Amino acid sequence: MNSSRHNVLLRCGHLAPSPPLKRCRLGWRVKAQLAEEMEIRVCCNRSCRRQGSFQTLETLSGVAPPNVIVKSCGCLGRCGGGPNLVVLPDGLIFGHCGTAARAAELVVTLFAEAGHDPKTCLDALALRKRADIEFANRNFTQAELLLSQAIYLKPFGGMHIIFKCRSFVRLELGNYSGALQDAEEALALAPRYSEDED
């Protein structure tokens, strides 16, 4: 392995056993791939599951941009350093991703331009989860307020899901033009997004 590739993998956390994430300077080839769909697979086998892989899977699904598909997978072979995940098509494996903060940091580091804050993604995700509870309790006005706050934060990923959720809330409130605007915004952000991905 050449020295520059080795350094990039170290900076991205691929080779280090318990790496702090640092901004990974992606080359033009990788940035071109980001325009296409990429995939993150989270190990949900026994050892990683005990270390929090289901929380990681849920967090990644909520903060990933629309061109990044998040799925579960079987063992990636580094059971002591889990939860582990792999970024495809490059095959970069990351370990120690057992917290929501670590998962959000990984997504922002790998896929966002400089200046995005992982905390903003987590805050928006928390607001969306609270809105889901309010929606289930038929508190539609409160759910709309929470989702509007999440949109105002302008998180790096998950915006298409937030707009989709607010569209449903606005339908329940009888705000049909607002619901249509939100649905159009969700489709503009993620034209190939399917319902079964979240």
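## Arginine 41 and its strand

Arginine 41 stands opposite lysine 71 in strand E2. Strands here are DSSP runs of E, at least two residues long, and helices are runs of H or I, at least four long, both numbered from the N terminus. This is a predicted model: local features need pLDDT of at least 70, side-chain atom pairs count only at pLDDT 80 or more, and totals for chains, interfaces and linings use all residues. Residues are numbered from 1 along each chain as its sequence is written, and side-chain values use heavy atoms, without hydrogens or water.

Strand E1 covers residues 38–43 and pairs with E2 in the parallel sense over 6 bridges. To pair, two strands need at least two bridges found by DSSP. Methionine 38 faces valine 68 in E2.

## The other side of E1

E3 also pairs with E1, in the antiparallel sense, over 4 bridges. There, isoleucine 40 has valine 87 of E3 as its bridge partner.

Of the 6 residues of E1, 5 are buried, so the strand is largely enclosed by the rest of the structure. Buried means under 20% relative accessible area, exposed over 50%, and partly exposed in between (1.4 Å probe, protein chains only).

## The whole sheet

The sheet is open and has 4 strands in the order E2-E1-E3-E4, with mixed pairing. Strand E2 (68–73) and strand E4 (92–94) are the edges; each pairs on one side only.

## A helix on the sheet

Helix H4 (residues 53–63) packs on the sheet. H4 touches E1, E2 and strand E3 (85–88); contact means heavy atoms within 4.5 Å. The direction of H4 makes about 160° with that of E1. Such angles run from 0 to 180 degrees between N-to-C directions, with axes fitted to C-alpha atoms, for helices over the stretch in contact.
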